[in-house]
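The following account leads the reader through a protein structure, from its sheet to individual residues. Please keep the sequence and the structure in view while reading.

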Amino acid sequence: MATTNLSDYDKSVIGNAKKLKFGIVVSEWNTSVTENLYKGAHTTLLDNGAVDANIIRLNVPGSFELVYGSKHLLKQGKFDAIIAIGCVIQGETKHFDFVCEAVSQGIKDLNIQFDVPTIFCVLTDNSMQQSIDRSGGKHGNKGVECAVAAIKMATLA
């Protein structure tokens with residue numbers, strides 16, 4: 001298990017995002033977590049040169065809907081990268097397993113189908129505390145890490 005802040009990064013090794021357009025699809029389920037992930041991603045994109053007008057947000061009801069929301073943006077053909085933000089927390093039923101598997105496979109499929117990277121920013125934790133720790137808490141903010149990944153993938157030579 002990670003015990004350090006994994007969201008620290010070196011700006012000098014990330015491409016400039018000034019000319020890039022990003023779509024960010026955000027699940028409304030576990031909103032306190034997903035909003036923190038969004039803030040981390042959005043702030044990081046801006047900090048690396050992205051223009052606010054070139055960052056488009058789309059809300060979807062839950063993590064299961066992230067795949068369709070991402071596909072909706074991808075089909076528009078105007079984005080350099082998509083970030084899919086969600087949070088699924090283990091409960092007492094197998095629902096967790098089905099949602100996590102469907103979302104991870106769906107985002108993988110989008111990366112195969114489209115020539116635009118879709119970044120997996122979905123926390124799949126055992127507890128709300130773990131999600132808090134990874135959305136701006138003691139382990140950093142996965143939204144920051146995914147924004148860095150989006151810039152790097154969008155600027156591949």
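The paragraphs below treat the sheet, the helices that pack on it, and then a few selected residues. The model is a predicted one.

A suitable starting point is the sheet. Strands of a sheet pair through backbone hydrogen bonds, either parallel or antiparallel. Here 4 strands make up an open sheet, arranged in the order S2-S1-S3-S4, and their pairing is parallel. Strand S2 (55–60) and strand S4 (118–125) form the edges, each of them pairing on one side only. On average, neighbouring strands of this sheet are turned by 15 degrees against each other, when direction is ignored.

Strand S1 (residues 22–27) deserves a closer look. With strand S3 (residues 81–89), strand S1 pairs in the parallel sense over 5 bridges, and within this pairing Val25 stands opposite Ala84 in S3. Towards S2, strand S1 is joined by 6 bridges, and these two strands also run parallel. The bridge partner of Ile24 in S2 is Arg57. How much of S1 is buried? The strand is mostly covered, since 6 of its 6 residues are buried. The cover extends to both faces: Phe22, Ile24 and Val26 are buried on one side, and Gly23, Val25 and Ser27 are buried on the other.

The helices that pack on the sheet come next.

Strand S1 pairs with S3 over 5 bridges, and helix H3 (residues 95–113) packs on the sheet by touching S3 and S4. The direction of H3 makes about 170 degrees with that of S4. Helix H5 (residues 142–154) likewise packs on the sheet, where H5 touches S1, S3 and S4. The direction of H5 makes about 160 degrees with that of S4.

After S1, the chain passes through a loop to helix H1 (31–47), and Asn30 lies in this loop. Most residues other than glycine have a negative phi, and most peptide bonds are trans. Asn30, however, has a phi near 60 degrees, a positive value in a residue other than glycine. Asn30 counts as buried because its relative accessible area is 19%, and the cut-off for buried is under 20%.

Within helix H1, Val33 may be considered. Val33 is buried, at 1% relative accessibility. Leaving aside residues up to four places away in sequence, Val33 touches Cys87, Leu123, Met128, Ser131 and Ser135. The C-alpha atoms of Val33 and Gly136 are separated by 8.7 Å, although these residues are 103 residues apart along the chain.

Asn141 is placed in strand S6 (residues 140–141). Is Asn141 buried or exposed? Asn141 counts as buried because its relative accessibility is 9%. Which backbone atoms lie at its polar side-chain atoms? The backbone oxygen of Asn36 lies 2.9 Å from a polar atom of the Asn141 side chain, and the backbone nitrogen of Gly143 lies 2.7 Å from a polar atom of that side chain. Not counting residues up to four places away in sequence, the residues touched by Asn141 include Ser7, Leu37, Gly40 and Arg134.

Aromatic rings complete the description. The structure holds 0 aromatic pairs, but charged side chains do lie over ring faces. Lys21 lies over the face of Phe79, at 5.9 Å from the ring centre. Arg57, the bridge partner of Ile24, lies over the face of Tyr38, at 4.3 Å from the ring centre.

Definitions and conventions
Residues numbered from 1 in each chain as written. Predicted model: local features only at pLDDT ≥ 70, side-chain atom pairs only at ≥ 80, totals over all residues. Heavy atoms only, no water. Pairing = 2+ DSSP bridges. Axes fitted to C-alpha atoms, helices over the stretch in contact; angles between N-to-C directions. Contact = heavy atoms within 4.5 Å. Phe/Tyr/Trp six-rings, centres within 6.5 Å; stacked < 30°, edge-to-face > 60°. Lys NZ or Arg CZ within 6 Å of the ring centre and 35° of its normal. Buried < 20%, exposed > 50% of the residue type's maximum accessible area, 1.4 Å probe, protein only. Polar contact = N/O pair within 3.5 Å; in protein donor to acceptor, adjacent residues only side chain to side chain.
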